[in-house]
Amino acid sequence: MNEEHQGTEKQEAQGGSGATAEIQVPARQDDILPDKLNLLPLGERPFFPAQTLPLMVSEAHWLETIERVGRSPQHVLGLCWSSAGTETTPAPKDITMVGTVVRVHHPQRTEGRVQFIAEGIRRFRIVRWISEQPPFLAQVEYPAPPEEPADKVKAYGHAIINTIKELLPLNPIYKEQLRYFLDRFNPEDASPLTDFAALLTSANGFQLQEILETLPLLTRMEKTLLLLRKEIELAGMQAQIRQKVEEQMSDRQKEFFLREQLKAIQKELGISKDDKTVEVEQFQERMKTLVLPEPVKKRIDEEMQKFSFLELGSPEYSVTRNYLDAITALPWGKYSQDILDLKRAREILDRDHAGLDDIKTRIIEFLAIGVQKKEISGAILLLVGPPGVGKTSIGRSIADALGRQFYRFSLGGMRDEAEIKGHRRTYIGALPGKFIQAIRDAGTSNPVIMLDEIDKIGASYHGDPASALLEVLDPEQNSNFQDHYLDVRFDLSRVLFVCTANQLDTIPAPLLDRMENIRLPGYITEEKELIARRHLWPRQLERAGVKPEQLRITDSAIRQIIDGYAREAGVRNLEKQFNRIIRKAIVRLLGGKRRIAIGVRDLNDYLGLPAFRRQKPMMGVGVVTGLAWTSLGGVTLPVEASTVHNNSRGFRFTGKLGQVMQESAEIAYSYIAANLGHYGADVKFFDGKMIHLHVPEGATPKDGPSAGITMATALLSLARGRRLNRPLAMTGELTLTGRVYPVGGIREKLVAARREGIVELILPEDNRRDYEELPAYLRKGLKTHFVKRYTEVAAIVFPA
């Protein structure tokens, strides 16, 4: 096998200074190849003797190596494959021991790289390293392949040629490589043919290096044939995939052209229209059913005229089309007929809600005005109450009673005024505001729109949505509401707005002024029990797919769940407890039980120990129970006063009190200290004493003036050393002159007192009207004292 190619040629070598020199290349003979070679590692694939390729290497790492080759008489270089790559200088252990000696032609430096043409000569093997640092230098040998039977070599050669012929039709690149090979080698020369065949494959570096290191020709040809067969399979799969993709693309293109031709033929015959014409006719058809104000009709006509001249590919086309679609989809002049029947409305409210008689009466009174006027318009209701008391469902019942469409969306966390008034059409993806979307979805211009969680609306650099709501919720302005997207006026005056909130503190005053406030207090135990029996329990059974005869619960068990597991003002947590019970009961039903009855004794098994236990009100010297209102309903609020030491006079309070409550505590301390003698206590009691006032629970924030008389009574009890002789609770604001001012949340506070079993109350005289407006069943069994001054409180608490 002859792996050396003889001849002479000129070669340009570039040195470190950039100057070029013309070098005469001597005759190439095997016996004059040097036994010491400069080595250059390659990172992608091994280099074979049958190759002649341009190579490019880093100037920083390998310039000196190329310069040494250029100064040598033979201009030969050893190329070895490195499995570690050449991004960094590889170590000798990462460089293969068998490589290819090449002749270097035309070295050039270009932008930090050195480029040269490498002409493969023959294989070599490293005997030992002379320099293990760049420039690498090693002593090498040139092993000769063993002799092989000529007939076997010829047979394998024909097999390789036939396999290459199979590979050629699968990829045109192979044809170019084969043409280049035939220009340089004789196809009957088996060794170059084998190396060339291996290079045709997409084998990885390890597989090709194995071919390079295999000196016996027959063994090398067997390995190459195996790689060729794998390459044929891979190329065949790629060809099939490419053919499928091309067929699909061809079919789609054919279908597209046929459809376009069909459209053109149908258009010529007058039996079809293009997309734009269809959309224009659709918009015009919508307009026939609408009662459009003159400015709106003028705007639509202008947009339709512009739309008819726009090309389908124009960016303005989709903007104009979306605008026409939005404005013609609105129910201009369409109103649903109100059902003004108070009896029917009351039946629907009673059907959907148990209890809340005073709230239902307020709603009926509101609807009565509409019956008198023959229409309901210009109304904005605000339902305020703790979570789970039925605010959203009441809004739905109002819509049902009036026969109107109902649409609800939440304002909680809304921070962009464009959500209210829409985006201008100049923005990408612009949309109308929530109110216009609600009108479009409802299909009428007078739906009931519920604005949920209006107390949780936000503000940001995008704008203030609460300020944008002022126009919407003002009956004097919303008849000419202008959405930024539509840019025309729309009448919202016939819409009934129902808002919900948990508290009023976070609602801006101008916005609150535009709404009629209806407060929904928490439910008492009897109301919860009725709601659970009529609504919650049947609904949970239905959702779980359980028949009522399969799972029953006693009235006493429902009452125990309300008292021990769900004392909240609303019924949402009560519904969750029912859901827990049903889940566990279903497991038992699936386990083989046919019917399950749940009583009080079974609750611990289903729900665990009660979260709330009935406790007697805290009593003792300096301990008084107050009443407070929170966004979750009414609560009892025990107040404790105690003497810390007698070293110096002072007063401190704890319990995470807000600013108003801290002032109430200071007023109570000042008032009692100034009037100790009047109330039968030692006038010097506070002299030299540090008094500590605490309001449990310490981790819960508290604020408001309602605990004024409660704190004063706790301090008076401490000063007189006398405890209250019976459970009672009180609420009221105290002034420095001893007057008792009214407070809010009377219903919620009464519910909290009844829940704790307290039946004697002290309320401000100015709250008598609020108390008497409460339902009789809520006042039943309560002993209530109304006071104007604190002297009356002291006389009730500490009778002579």
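Me: Is Tyr669 buried or exposed?
Reply: Tyr669 is buried in this predicted model, because its relative accessible area is 11% and the cut-off for buried is under 20%.

Me: Which ring does Tyr669 pair with, and what kind of pair is that?
Reply: Tyr669 pairs with Phe686. The ring centres are 5.2 Å apart and the planes stand at 40°, so the pair counts as tilted. Edge-to-face would need an angle over 60 degrees, and stacked one under 30.

Me: Where do Tyr669 and Phe686 lie in the chain?
Reply: Tyr669 is in helix 21, residues 659-674. Phe686 is in the loop between helix 21 and strand 21 (690-694), so the pair ties together parts that are 17 residues apart in sequence.

Me: And Phe686, buried or exposed?
Reply: Phe686 is buried, at 1% relative accessibility.

Me: Which residues are in the aromatic cluster with those two?
Reply: The cluster is made up of Phe651, Phe653, Tyr669, Phe685 and Phe686.

Me: How many aromatic pairs are there in the whole structure?
Reply: The search finds 19 aromatic pairs. One of them is Trp537 with Phe578, with ring centres 5.3 Å apart and planes at 80°, so that pair is edge-to-face.

Me: What does the Trp537 and Phe578 pair tie together?
Reply: Trp537 belongs to helix 17 and Phe578 to helix 19, so the contact ties together parts 41 residues apart in sequence. Both Trp537 and Phe578 are buried.

Me: Switching to charges over rings. What lies over the face of Tyr335?
Reply: Arg494 does, at 4.2 Å from the ring centre. Arg720 is placed over the face of Phe798 in turn, at 5.2 Å from the ring centre.

Me: OK, pockets. How much space is in the second largest one?
Reply: The second largest pocket holds about 690 Å³. It has 27 lining residues, and the closest to its centre are Gly388, Gly390, Ser393, Arg539 and Val571.

Me: Which helices supply at least two residues of that lining?
Reply: Helix 10 (342-352), helix 12 (391-402), helix 17 (525-544) and helix 19 (572-590) each do. Helix 12 gives the largest share, with six residues.

Me: How do the lining residues of that pocket divide by class?
Reply: Eleven are charged, nine are polar and seven are nonpolar.

Me: How many closed cavities of 30 Å³ or more turn up?
Reply: Two cavities are found in the whole structure. The second largest cavity has about 40 Å³ of space.

Me: What lines the second largest cavity?
Reply: The lining consists of Pro617, Met618, Met619, Val623, Val624, Thr625, Leu724, Arg726, Pro727 and Leu728. Eight of these are nonpolar, one is polar and one is charged.

Me: Salt bridges next. What is the count?
Reply: The count is 37 salt bridges.

Me: Going back to helix 12, what does Asp400 bridge to?
Reply: Asp400 forms a salt bridge with Arg351, with the closest N and O atoms 2.9 Å apart. The pair links distant parts of the chain, since Arg351 is in helix 10 and Asp400 in helix 12, 49 residues apart. Both helices also supply residues to the lining of the second largest pocket.

Me: How accessible are Arg351 and Asp400?
Reply: Arg351 is partly exposed at 45% relative accessibility. Asp400 is partly exposed too, with a relative accessible area of 33%.

Me: Which residues are joined into a network by shared salt bridges?
Reply: Glu303, Lys306, Glu316 and Arg425 are joined into one network.

Me: What about Glu166, which side chain does it meet?
Reply: Glu166 meets Arg229 in a salt bridge, at 3.4 Å from N to O. This pair also links distant parts of the chain: Glu166 sits in helix 2 (residues 150-167) and Arg229 in helix 6 (residues 217-269), 63 residues apart. Glu166 is partly exposed at 40% relative accessibility, and Arg229 is partly exposed at 37%.

Me: Last one. Which residue does Lys93 meet in a salt bridge?
Reply: Lys93 meets Asp94, at 3.5 Å from N to O. Lys93 counts as exposed at 71% relative accessibility, whereas Asp94 is partly exposed at 21%.

Methods
Residues numbered from 1 in each chain as written. Predicted model: local features only at pLDDT ≥ 70, side-chain atom pairs only at ≥ 80, totals over all residues. Heavy atoms only, no water. 1 Å grid on protein atoms, 1.4 Å probe; cavity = no way out; pocket = protein on both sides within 12 Å on 5 of 7 lines; lining within 4 Å. Points joined across faces, edges and corners; volume = space filled by probe spheres on them. Helix = DSSP H or I, 4+ residues; strand = E, 2+ residues; numbered from the N terminus. Nonpolar A, V, L, I, M, F, W, Y, C, P; charged D, E, K, R; others polar. Phe/Tyr/Trp six-rings, centres within 6.5 Å; stacked < 30°, edge-to-face > 60°. Buried < 20%, exposed > 50% of the residue type's maximum accessible area, 1.4 Å probe, protein only. Lys NZ or Arg CZ within 6 Å of the ring centre and 35° of its normal. Salt bridge = Lys/Arg side-chain N within 4 Å of Asp/Glu carboxyl O.
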